[in-house]
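Student: I am new to this structure and would like a close look at a single part of it. Could you pick one part, walk me through it slowly, and then show me how it sits in the whole?

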Amino acid sequence: MQRTDFDGILSIAGGTYEHLTIDGICNCSGNLIAQEIDVDGILNVDANVETGKFDCDGVANIKGNMRADVVEVDGYVNIGRKATSSKLEASEIHCRGAITCLGSGEINADFIDAEGFINAAEIVGEKVVIKSQTSILMKWFANKWSKVDVIEATTIELTGVTAKVVNGHDITIGEDCVIDKLDCSGKLVIHPSATIKEITGDHVRITT
């Protein structure tokens, strides 16, 4: 696979690449398409990003939407603009850093595994696991934990998450969660430290 490495500070108009690596600061004004994108520096995109694999150890600011097969974040990814809709679509998302979708931002993925922080209006998936961990990344957020308005998935596991609505089949609510409304149709596990204002659905409560 042909590699294109961007070092230093530069601006591009967008385009199509095979394997794109950002080691410096890259400002992109158009749509960015690549088989693989590695961000070790700073990537600013004013439009959309489409890639097979997106690996971010640095900082990525994407003002449009992003679509990828696999997303791996150990740094910080910011998607969308304030007061607009934005979307992150992927088959798999693995986050040890932080992902923020601005405005009415939606994250849609079959599998989400996050031990970092996720802030979005809505998350939809097959299996969603968010276990916010204490780290220096907290300083990047106004709130201590992940915040999501609506989470919908077949299997949901949450720790350190604040949400308005959680809807799923098998749900595990761990420590430091604050949920306004939870609807469960399968197995439900709730940690004693979690706060849930309303619970609905034909579920089976399991005590651990």
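Tutor: Happy to! Let's begin with one pair of residues: I22 has V39, in strand 5, as its bridge partner. Please keep in mind as we go that this is a predicted model. The pair belongs to a broader pattern, in which strand 3, covering residues 15-22, and strand 5, covering residues 32-39, run parallel and are joined by seven bridges. Strand 5 also has a link to strand 7, residues 49-56: these two run parallel as well, again with seven bridges between them. One place to look for that second link is A34, whose bridge partner in strand 7 is T51.

Now stay with strand 3 and find T21, which lies in this strand. Is T21 buried or exposed? Its relative accessibility is 3%, so T21 counts as buried. Leaving aside residues up to four places away in sequence, T21 touches R3, T4, D5, F6, D38 and D40. For a sense of distance, try A90: T21 and A90 are 69 residues apart in sequence, and their C-alpha atoms are 20 Å apart in space.

One of the residues that T21 touches, F6, deserves a stop of its own. Two rings count as a pair if their centres lie within 6.5 Å, and by this rule there is one aromatic pair. The partners are F6 and Y17; their ring centres are 6.0 Å apart and their planes meet at 85 degrees, which makes the pair edge-to-face because planes over 60 degrees apart are classed that way. This pair brings together distant parts of the chain, since F6 is in strand 1 (residues 3-6) and Y17 is in strand 3, 11 residues apart. F6 has a relative accessible area of 10%, so F6 is buried.

With that corner in view, let's step back to the whole protein. Its secondary structure consists of 20 strands and zero helices. The radius of gyration is 18 Å, close to the 17 Å that the globule rule gives for 208 residues, so the protein is as compact as a globular protein of that length. Taken along the principal axes, the C-alpha atoms fill a box of roughly 55 × 30 × 30 Å. Of the 208 residues, 47% are buried. If you take the contacts between residues at least 6 apart in sequence, 12% join residues at least 24 apart. The accessible surface is about 9,600 Å², with 46% of it belonging to carbon and sulfur atoms.

You may also wonder how many disulfides there are. The count is zero. C101 is in none, and the nearest cysteine sulfur, that of C95, is 11 Å away. C101 is buried, as its relative accessible area is 5%. C184 is in no disulfide either: for this residue, the nearest cysteine sulfur is that of C177, 14 Å away. C184 is buried too, with a relative accessible area of 0%.

One last stop is D176, in the loop between strand 16 (161-173) and strand 17 (178-184). D176 has a positive phi of about 60 degrees, although it is not a glycine. With a relative accessible area of 39%, D176 is partly exposed.

How values were computed. Residues numbered from 1 in each chain as written. Predicted model: local features only at pLDDT ≥ 70, side-chain atom pairs only at ≥ 80, totals over all residues. Heavy atoms only, no water. Pairing = 2+ DSSP bridges. Helix = DSSP H or I, 4+ residues; strand = E, 2+ residues; numbered from the N terminus. Phe/Tyr/Trp six-rings, centres within 6.5 Å; stacked < 30°, edge-to-face > 60°. Buried < 20%, exposed > 50% of the residue type's maximum accessible area, 1.4 Å probe, protein only. Disulfide = S-S within 2.5 Å. Rg over C-alpha atoms; globule rule 2.2 N^0.38 Å. Contact = heavy atoms within 4.5 Å. Areas by Shrake-Rupley, 256 points an atom, 1.4 Å probe, with all protein chains shown as cover.
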